Amino acid sequence: MTVLRLPPVPFDPRRPESMKNTATRREYPCLVVHAAEGDPVRHVIKGREATIGREPTNHICIRDPLVSKHHARIIISNHSVTLFDLGSANKTRVNGQVVTQATLRYGDELTFARVKCGLVLAAVSESEDAPVPEGLTL
């Protein structure tokens with residue numbers, strides 16, 4: 001019987017980054033949705049745009065009856081993140097102010113109808129495609 005010996009991997013439970021895998025990681029804008037029920041969910045936006053609404057065909061589906069079927073769109077460019085309200089019935093807000101269009105900054109609070117969200121920048125592996133619950137360190 002052959003025993004395979006692997007080099008030790010340093011691990012410090014106080015430092016979650018010590019658990020990171022070695023896969024290629026990049027930073028992407030993420031929308032953290034704080035729904036009324038359940039834990040917040042982080043949606044990674046890897047493309048140039050993401051649609052937000054109640055309809056399942058949106059990139060980010062928010063299942064709240066006050067959110068419009070096609071509520072808003074986020075456009076990512078090389079130098080900015082822009083939010084467009086798509087004529088929603090219950091409005092889109094950025095940091096409490098009703099907007100039809102706004103240039104966003106990381107840390108902004110977005111509200112679609114009554115659903116609060118946050119825009120954050122997060123490092124994710126290239127292979128990650130599914131939303132990750134907020135608080136999970138990748």
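**Group meeting talk: a protein built from strands**

Hi everyone. The protein on the screen has twelve strands and zero helices. Please keep in mind that this is a predicted model. If you walk along the sequence, the pattern reads β-β-β-β-β-β-β-β-β-β-β-β.

Let's begin with some overall figures. The protein has 138 residues, and 35% of them are buried. Its accessible surface is about 9,100 Å², with 53% of that belonging to carbon and sulfur atoms. Now take the contacts between residues at least 6 apart in sequence: 41% of these join residues at least 24 apart.

Next, the sheet. Strands of a sheet pair through backbone hydrogen bonds, and the pairing can be parallel or antiparallel. Here we have an open sheet of five strands in the order 4-3-5-6-9, and its pairing is mixed. Which strands sit at the edges? They are strand 4, residues 60–61, and strand 9, residues 101–104, and each of them pairs on one side only. Inside that order, strand 5 (residues 72–76) and strand 6 (residues 81–85) run antiparallel to each other, paired over five bridges. If you want one pair to find on the screen, look for Ile76, whose bridge partner in strand 6 is Val81.

Now for the inside. In soluble globular proteins, nonpolar side chains tend to be buried together. In our model, the largest nonpolar core has 23 residues. Among the residues with the most contacts inside this core are Leu31, Ile60, Phe112 and Cys117. Several strands supply at least two residues each to the core, including strand 1 (25–34), strand 10 (109–112) and strand 11 (115–125). There is also a second, separate core of five residues, which includes Tyr28, Val44, Ala122 and Val124.

Let's stay with Leu31 for a moment. Setting aside residues up to four places away in sequence, Leu31 touches a long list of residues, including Val41, Ile52, Ile60, Leu110, Phe112 and Cys117.

Cys117 brings us to the cysteines. How many disulfides does a search of the whole structure find? Zero. As a reminder, a disulfide is a covalent bond between the sulfur atoms of two cysteines. Cys117 counts as buried because its relative accessible area is 2%, under the 20% cut-off. Cys61, at 24% relative accessibility, is partly exposed.

Finally, let's visit two loop residues. Asn58 lies in the loop between strand 3 (49–53) and strand 4. Is Asn58 buried or exposed? Its relative accessibility is 7%, so it counts as buried. The side chain of Asn58 makes a polar contact of 3.2 Å with the side chain of Thr51. Not counting neighbours within four places in sequence, Asn58 is also in contact with Ile52, Gly53, Lys69 and His70.

The other residue is Asp64, in the loop between strand 4 and strand 5. Asp64 counts as buried too, because its relative accessibility is 9%. What does Asp64 touch, leaving out residues up to four places away in sequence? The answer is Arg54, Arg114 and Val115. With Arg114 there is a polar contact of 2.9 Å between the side chains. Arg54 is ten residues from Asp64 in sequence, and their C-alpha atoms are 6.5 Å apart.

That's my tour. Thanks for listening!

Note on methods. Residues are numbered from 1 along each chain as its sequence is written. This is a predicted model: local features need pLDDT of at least 70, side-chain atom pairs count only at pLDDT 80 or more; totals for chains, interfaces and linings use all residues. Side-chain values use heavy atoms; hydrogens and water are left out. A disulfide is a pair of cysteine sulfur atoms within 2.5 Å. Buried means under 20% relative accessible area, exposed over 50%, partly exposed in between (1.4 Å probe, protein chains only). Two strands pair if DSSP finds at least two bridges between them. Helices (H or I, at least four residues) and strands (E, at least two) are DSSP runs, numbered from the N terminus. Contact means heavy atoms within 4.5 Å. Accessible areas come from the Shrake-Rupley method with a 1.4 Å probe; for residues, only the protein chains shown count as cover. A polar contact is a pair of N or O atoms within 3.5 Å; within protein, one must be able to donate a hydrogen and the other to accept it, and residues adjacent in sequence count only if both atoms are side-chain atoms. A nonpolar core is a set of buried Ala, Val, Leu, Ile, Met, Phe, Trp, Tyr and Cys residues joined through side-chain atoms within 4.5 Å.
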